[in-house]
2 protein chains.
Amino acid sequence: MSTDAQMLELAIKQAEIGLAEGGIPIGAVLAVGDEVLGVGHNRRVQMGSAIRHGETDALEEAGRQSAKTYAKATMYTTLSPCHMCTGAILLYGIKRVVIAENTTFMGAEDLLRDNGVELVHMESEHCVQMMTDFIAANPELWNEDIGE
Amino acid sequence: MSTDAQMLELAIKQAEIGLAEGGIPIGAVLAVGDEVLGVGHNRRVQMGSAIRHGETDALEEAGRQSAKTYAKATMYTTLSPCHMCTGAILLYGIKRVVIAENTTFMGAEDLLRDNGVELVHMESEHCVQMMTDFIAANPELWNEDIGE
């Protein structure tokens, strides 16, 4: 299995942990090569949080890192990054984002691309199904999470 | 004193609390009219946080709010919002941002403006001085906070 596929598996595991906790099933991993800096998942329900999305939770778990480290890092996420997570990726100069799916939600991918971030799409049917089922069962919670 | 001036005073107090804690002196307030939803300040040092900037800390303290509430809210901040905080403002559809100063740091104001967010600049000499002094004394910490 490639490093990208392995890291995305870790992110998917995070999403599944979130789901098992009663939360929104989105997970992320921040890694440099095969070294994991932080893993995270959406914690809106679990922590009553407005800012802990998958990606920002992984950044928070990774803690304070140098610009040099961020510049070598890849953000793996089970879902196309929203405006907030996109902004966090741009703030820290993360240059590569691997996205499991953007079928159930299209984030600010144009903004990432326009700022020179490399996007890799993995087209995970499993993640599409997980989010489709979740959104169908929890439309209000999902809308709240994307500010709608 | 106008509501804007009062709320900005509150944000400045938050920045000063952060400074007294040994942190980066940036504060924010999320409010609807004269009702404060949340106050916050940068907690990179205090919590070892990568995602608690002034604005995101105020959003976190405000907790889970409806899109209707965010649409009526103003974000008050002592410093021009970085990409991450800009993204959070866009995610939640906050339509108005009052900024104490953008002299010591220019955030993603164009992106806010391009997305229809009203920006109000208060040109606070006090905040310019506070940040100028802080950056001069802590250049590495400041660079870390803005991803440089």
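This report describes a sheet of chain A, one loop residue in each of chains A and B, and a buried glutamine of chain B in a predicted model.

**Sheet of chain A**

In chain A, five strands form an open sheet in the order S2-S1-S3-S4-S5, and their pairing is mixed. The edge positions belong to strand S2 (35-41) and to S5 of chain A; each has a single partner strand, so one side of each is left without a neighbour in the sheet. On average, neighbouring strands are turned by 15° against each other, direction ignored.

Six bridges join strand S1 (residues 27-32) of chain A to S2(A) in the antiparallel sense. Within this part of the sheet, Leu30(A) lies opposite Gly38(A) of S2(A). Helix H3 (residues 54-62) of chain A packs on the sheet, where it touches S1, S2 and strand S3 (74-77) of chain A. The direction of helix H3 makes about 130° with that of S2(A).

**Glu123 in chains A and B**

Glu123(A) is located in the loop between strand S5 (118-121) and helix H7 (125-137) of chain A. Glu123(B) is located in the loop between strand S5 (118-121) and helix H7 (125-137) of chain B. Neither residue is a glycine, yet each has a positive phi.

| Residue | Phi | Relative accessible area |
|---|---|---|
| Glu123(A) | about 50° | 54%, exposed |
| Glu123(B) | about 50° | 55%, exposed |

**Gln14 of chain B**

Gln14(B) belongs to helix H1 (residues 3-20) of chain B. Its relative accessible area is 10%, so Gln14(B) counts as buried, the cut-off being under 20%. Beyond its neighbours within four places in sequence, Gln14(B) is in contact with Gly27(B), Ala28(B), Val39(B), Gly40(B) and His41(B).

Key:
Residues numbered from 1 in each chain as written. Chains lettered and ligands numbered in written order. Predicted model: local features only at pLDDT ≥ 70, side-chain atom pairs only at ≥ 80, totals over all residues. Heavy atoms only, no water. Helix = DSSP H or I, 4+ residues; strand = E, 2+ residues; numbered from the N terminus. Buried < 20%, exposed > 50% of the residue type's maximum accessible area, 1.4 Å probe, protein only. Contact = heavy atoms within 4.5 Å. Pairing = 2+ DSSP bridges. Axes fitted to C-alpha atoms, helices over the stretch in contact; angles between N-to-C directions.
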